[in-house]
Amino acid sequence: NLLKAEHPEIYYSALLSDKNWHTRYNYYCKKQPIVDNWVLYESHAGAGMLCNPLALFKAFQERADFNNYKHFWVIADDHELDYLRNEYKDLKNVYFVKYNTVGYAYFVARCKYLINNTSFHSFFAKREGQIFLNTWHSITVKYIGYDIPGGKKLVQNMLRNLLMADYVVSPNEFMTKIFNDSYRLREIYNGRYIQEGYPRNDLVIKT
């Protein structure tokens with residue numbers, strides 16, 4: 001375990017049930033540099049190795065430079081953590097980080113590449129030098145964003161995340177319009193939409 005070997009004080013504190021774990025995030029942002037070859041993947045708040053982030057990870061595995069990077073997956077469930085650590089034990093550059101721990105705050109603060117299919121916590125603020133890819137997770141067939149009742153309040157953190165994203169994956173023109181209209185990103189989003197379909201669909205085609 002990289003965290004245990006290089007930063008034991010963080011590793012052991014990450015095992016504790018610390019309600020204030022998130023307060024460490026600002027400390028790491030101020031005191032710890034971004035690591036250029038670290039990539040963090042999070043899908044549905046640590047629900048598992050799922051969706052578009054998983055498809056990108058698998059595509060990365062096929063690249064010659066995969067081993068030049070350290071890959072950190074955010075996982076919420078303890079049993080899933082144990083299973084995945086055993087499943088990927090032969091890949092020495094793949095690590096699993098428990099969601100909502102000190103270690104989680106540490107890697108969100110330090111990884112240069114951040115891949116998420118929904119949003120990070122409200123304490124998250126992308127650092128200068130980090131690259132944030134929001135892959136999203138669906139083609140919307142329901143009201144989202146400002147279109148839902150009380151959306152003005154509920155949308156705040158999602159809107160922050162979308163505006164911070166350097167890239168947002170959109171499967172088609174319809175979904176790009178949803179982002180622009182339902183989240184009111186039109187003319188204020190300075191990143192780039194990648195309107196090329198969803199990476200996870202490539203996995204279906206390959207199998």
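Ala45 is placed in the loop between β1 (35–42) and α4 (51–61), in a model that is predicted. With a relative accessibility of 31%, Ala45 counts as partly exposed. Not counting residues up to four places away in sequence, Ala45 touches Ala76, Tyr99 and Thr118. One of these partners, Thr118, stands 73 residues from Ala45 along the chain, yet the C-alpha atoms of the two are separated by 7.7 Å.

Contacts of this kind can be set against the protein as a whole. Among contacts between residues at least 6 apart in sequence, 67% join residues at least 24 apart. The protein has 207 residues, of which buried residues make up 47%, and its secondary structure comprises 10 helices and 7 strands.

**Strands β2 and β3**

Strand β2 (residues 70–75) pairs with β3 in the parallel sense, over 5 bridges, and within this pairing His71 of the one strand stands opposite Val94 in β3. Between the two strands the chain passes through helix α5 (residues 78–87), and the resulting β-α-β crossover is right-handed. Strand β3, which spans residues 94–98, is mostly covered, since 4 of its 5 residues are buried.

**Aromatic pairs**

How many aromatic pairs does a search of the whole structure find? The search finds 28 of them. In the pair formed by Trp21 and Phe123, the ring centres are 5.5 Å apart and the planes stand at 80°; because planes over 60 degrees apart count as edge-to-face, the pair falls in that class. Trp21 belongs to the loop between α2 (8–14) and α3 (24–31), whereas Phe123 belongs to the loop between β4 (111–116) and β5 (131–134), so the pair ties together parts that are 102 residues apart in sequence. The two partners fall into separate accessibility classes: Trp21 is buried, with a relative accessible area of 9%, while Phe123 is partly exposed, with a relative accessible area of 21%.

Another edge-to-face pair is formed by Trp136 and Phe179, at 5.2 Å centre to centre and with 75° between the planes. Trp136 lies in the loop between β5 and α7 (151–154) and Phe179 in helix α9 (residues 173–182), so this pair ties together parts that are 43 residues apart in sequence. Here both Trp136 and Phe179 are buried.

The geometry of these two pairs is set out below.

| Pair | Centre to centre | Angle between planes |
|---|---|---|
| Trp21 and Phe123 | 5.5 Å | 80° |
| Trp136 and Phe179 | 5.2 Å | 75° |

Ring pairs also link a cluster made up of Tyr41, Phe57, Phe60, Phe66, Tyr69, Trp73, Tyr88, Phe96 and Tyr113. Within this cluster, Trp73 falls in the residue range of strand β2 (residues 70–75), and Phe96 falls in that of strand β3 (residues 94–98). An aromatic ring is also involved in a contact with a charge, for the charged end of Arg24 sits over the ring of Tyr27, 4.7 Å from its centre.

**Cysteines**

A disulfide is a covalent bond between the sulfur atoms of two cysteines. How many disulfides does a search of the whole structure find? The search returns 0 disulfides. As for individual cysteines, Cys51 is buried, with a relative accessible area of 16%, and Cys111 is likewise buried, its relative accessible area being 0%. Both values count as buried because they lie under 20% relative accessible area.

Methods:
Residues are numbered from 1 along each chain as its sequence is written. This is a predicted model: local features need pLDDT of at least 70, side-chain atom pairs count only at pLDDT 80 or more; totals for chains, interfaces and linings use all residues. Side-chain values use heavy atoms; hydrogens and water are left out. Rings of Phe, Tyr and Trp (its six-membered ring) pair if their centres lie within 6.5 Å; planes under 30 degrees apart count as stacked, over 60 as edge-to-face and the rest as tilted. Buried means under 20% relative accessible area, exposed over 50%, partly exposed in between (1.4 Å probe, protein chains only). A charge sits over a ring if NZ of Lys or CZ of Arg is within 6 Å of the ring centre and within 35 degrees of the ring normal. A disulfide is a pair of cysteine sulfur atoms within 2.5 Å. Contact means heavy atoms within 4.5 Å. Two strands pair if DSSP finds at least two bridges between them. A crossover is right-handed if, with the strands pointing away from the viewer, the path from the first strand over the helix to the second runs clockwise.
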